[in-house]
Amino acid sequence: MSLLDIDPGIMQDRNLNIYLIGFMACGKTTVGKALAEKLRWGFVDLDEQIEKVEGKRIRDIFEESGESYFRDLERKILHEISQEKGYVISLGGGTFCFEENIKCVEKSGISFWLKCPLTEVYNRLKFHCDRPLAKDFKTLKDLYYKRLSYYGKADFSIENFNKPVIKCVEEIFFVLKLRGYV
Ligand code: S3P
């Protein structure tokens, strides 16, 4: 797979990527796009890349080939993307819940966990039936709590709840500046 069709922005020479992680519907894609724009870095959405490579919607990959097939693809494509640098990359909600993927992220950049309460996630997902793992509240709740310890391994965490996208982006930007990444 090639990322050459994605505009890397003017910061292509950067030696790291910025990964956004967190539960489904926590705002990874929305914040990621806005952050990339502010930094003038390229933006990659991992799910979108998986769909492009497979030529299928995520939902159909799950339905036709099962979750473990999806996780294999996710791992491979993350690995390929991580070879590039200078991108803001939004991961899927489950990507950062596998040790191999965590290592890959740690080796190739820094990670921000976008935190969002379960009730808010549920409200955001209620009317969207395209997430194969968001079947009902109980399933979502179990998954949410199971994943917190993985998400807690991110380098930084930012609340993304009850605030405009730009505020979240500014907070990430502030951390990046403070730590000398930009
Ligand atoms: C998943 C989250 C989805 C997508 C897939 C699996 C998960 O991404 O990768 O449906 O395991 O939580 P979003 O977090 O962007 O919804």
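This passage describes helix 4, the nonpolar core and the salt bridges of a predicted model.

The structure is a predicted model, in which local features need pLDDT of at least 70, side-chain atom pairs count only at pLDDT 80 or more, and totals for chains, interfaces and linings use all residues. Residues are numbered from 1 along each chain as its sequence is written, and side-chain values use heavy atoms, with hydrogens and water left out.

Helices are DSSP runs of H or I with at least four residues, numbered from the N terminus. Helix 4 comprises the 16 residues 67-82, which at 1.5 Å a residue should span 22 Å; the expected span is 1.5 Å times one less than the number of residues. The end C-alpha atoms of helix 4 are 22 Å apart, in agreement with this expectation. Its buried residues (under 20% relative accessible area, with a 1.4 Å probe and protein chains only) are Phe70, Arg71, Leu73, Glu74, Ile77, Leu78, Ile81 and Ser82. These residues lie on the same side of helix 4 because they cover an arc of only 160 degrees around the axis, the arc being that of the directions from the helix axis to the C-beta atoms. An α-helix has 3.6 residues a turn, so residues three or four places apart point the same way. The face turned away from the buried side of helix 4 carries Ser68 and Lys76, both exposed (over 50% relative accessible area).

The largest nonpolar core (buried Ala, Val, Leu, Ile, Met, Phe, Trp, Tyr and Cys residues joined through side-chain atoms within 4.5 Å) has 57 residues. Ile18, Val88, Leu91, Phe112 and Ile172 have the most contacts inside this core. Helix 8 (residues 165-178) supplies the largest share of the core, six residues. Beyond its neighbours within four places in sequence, Leu91 is in contact (heavy atoms within 4.5 Å) with residues including Leu78, Phe96 and Val105.

The structure holds 11 salt bridges (a side-chain nitrogen of Lys or Arg within 4 Å of a carboxyl oxygen of Asp or Glu). In one of these, Glu170 pairs with Lys38, with the closest N and O atoms 3.5 Å apart. This pair links distant parts of the chain, since Glu170 belongs to helix 8 and Lys38 to helix 1 (residues 28-39), 132 residues apart. Glu170 is partly exposed (between the buried and exposed limits of 20% and 50%) at 35% relative accessibility. Glu64 forms a salt bridge with Lys56 at 2.9 Å between the closest N and O atoms; Glu64 counts as exposed at 54% relative accessibility. Within helix 4, Glu67, Arg71 and Glu74 are linked in a network of salt bridges.

How values were computed:
Helix = DSSP H or I, 4+ residues; strand = E, 2+ residues; numbered from the N terminus.
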